[in-house]
Amino acid sequence: MKIKNRWNKRAKPQTTEDIAGALGFISWTISANAVLELEKKGYETTSNNHRLDIIGEFLTFLLQVADRLAYKQMDDEKRQTFIVALAQHIADTFAGNKTDLLGEGEYRQAFIDLINKRAGEYAELSFKNGEAGFDFLRYFGEQVEALMKEKHFASQQIMDIEAPDAIREFKQAMTNLFK
């Protein structure tokens with residue numbers, strides 16, 4: 001999948017918040033495409049709400065990946081600014097899509113609660129030298145599998161293919177946008 005992940009060479013210098021917004025959009029694209037790939041491979045989703053729930057798990061996963069990558073690249077203040085801006089952008093996008101597809105509701109706060117819950121859970125899992133550990137990938141696979149109607153090998157599919165692809169695409173985008 002080709003995702004624009006570079007700034008125009010003539011563009012003004014980008015703030016951390018600008019970069020977070022761009023990565024939020026890229027995170028949404030990666031997550032939505034991952035769900036489409038799962039469907040192409042025979043994993044059934046039952047509704048738009050179901051798809052959005054799976055996308056939500058991908059988004060929380062990518063936010064944790066961003067935090068782990070930023071930990072090595074940024075001082076604490078810049079990292080906090082970046083992660084908060086990214087989380088807010090992702091939450092706004094997620095809630096906006098839920099509202100568009102399902103009607104009015106309090107989707108943003110529920111998603112922020114999920115982000116906070118997952119942050120605590122992922123904090124205990126390994127991510128070293130820019131790579132997710134087995135436990136990090138397994139946990140993500142289990143969260144997606146719990147949402148799937150057809151659970152047969154869903155966790156393995158996530159761990160072996162979808163998560164590594166998502167991380168690779170996200171890391172490339174993050175590297176390019178922070179240049």
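Arginine 68 lies in helix H2. In this predicted model, arginine 68 is an odd one out on the charge side: the residue is buried yet has no salt bridge. The nearest side chain of opposite charge belongs to aspartate 67, and that sits 5.3 Å away, whereas a salt bridge calls for a nitrogen-to-oxygen distance within 4 Å. What the side chain of arginine 68 does have is a backbone partner, with the oxygen of leucine 125 lying 3.0 Å from one of its polar atoms. Leaving aside residues up to four places away in sequence, arginine 68 touches Tyr122, Ala123, Leu125, Ser126, Phe127 and Phe136.

Elsewhere, charged side chains do pair up, and the structure holds 11 salt bridges. One of them joins glutamate 162 to lysine 41, with 3.0 Å from N to O. Glutamate 162 belongs to helix H6 (residues 154–177) and lysine 41 to the loop between helix H1 (16–40) and helix H2 (48–73), so this pair ties together parts of the chain that are 121 residues apart in sequence. The two ends sit in rather unlike surroundings: glutamate 162 is buried, at 4% relative accessible area, while lysine 41 comes out as partly exposed at 41%.

A second bridge runs between lysine 98 and aspartate 53, at 3.1 Å from N to O. Here, too, distant parts of the chain are linked, with lysine 98 in helix H3 (residues 76–102) and aspartate 53 in helix H2, 45 residues apart. Lysine 98 counts as buried, its relative accessibility being 8%; aspartate 53, at 28%, counts as partly exposed.

The bridge between arginine 168 and aspartate 165 is a local affair. Their side chains meet at 2.8 Å, N to O, and both residues lie in helix H6, 3 residues apart, or about one turn of the helix. Aspartate 165 is partly exposed, with a relative accessible area of 26%. Salt bridges also join up into a network, in which Glu57, Arg118 and Glu121 are linked.

Back towards the start of the chain, helix H1 has 25 residues. From its first C-alpha to its last, H1 reaches 36 Å, close to the 36 Å expected at 1.5 Å a residue. Just after H1 comes glycine 42, which takes a positive phi of about 100°. Lysine 41, the partner of glutamate 162, is likewise found in the loop between H1 and H2.

Technical notes. Residues numbered from 1 in each chain as written. Predicted model: local features only at pLDDT ≥ 70, side-chain atom pairs only at ≥ 80, totals over all residues. Heavy atoms only, no water. Helix = DSSP H or I, 4+ residues; strand = E, 2+ residues; numbered from the N terminus. Buried < 20%, exposed > 50% of the residue type's maximum accessible area, 1.4 Å probe, protein only. Expected span 1.5 Å × (residues − 1). Lys, Arg positive; Asp, Glu negative; His and termini not counted. Polar contact = N/O pair within 3.5 Å; in protein donor to acceptor, adjacent residues only side chain to side chain. Contact = heavy atoms within 4.5 Å.
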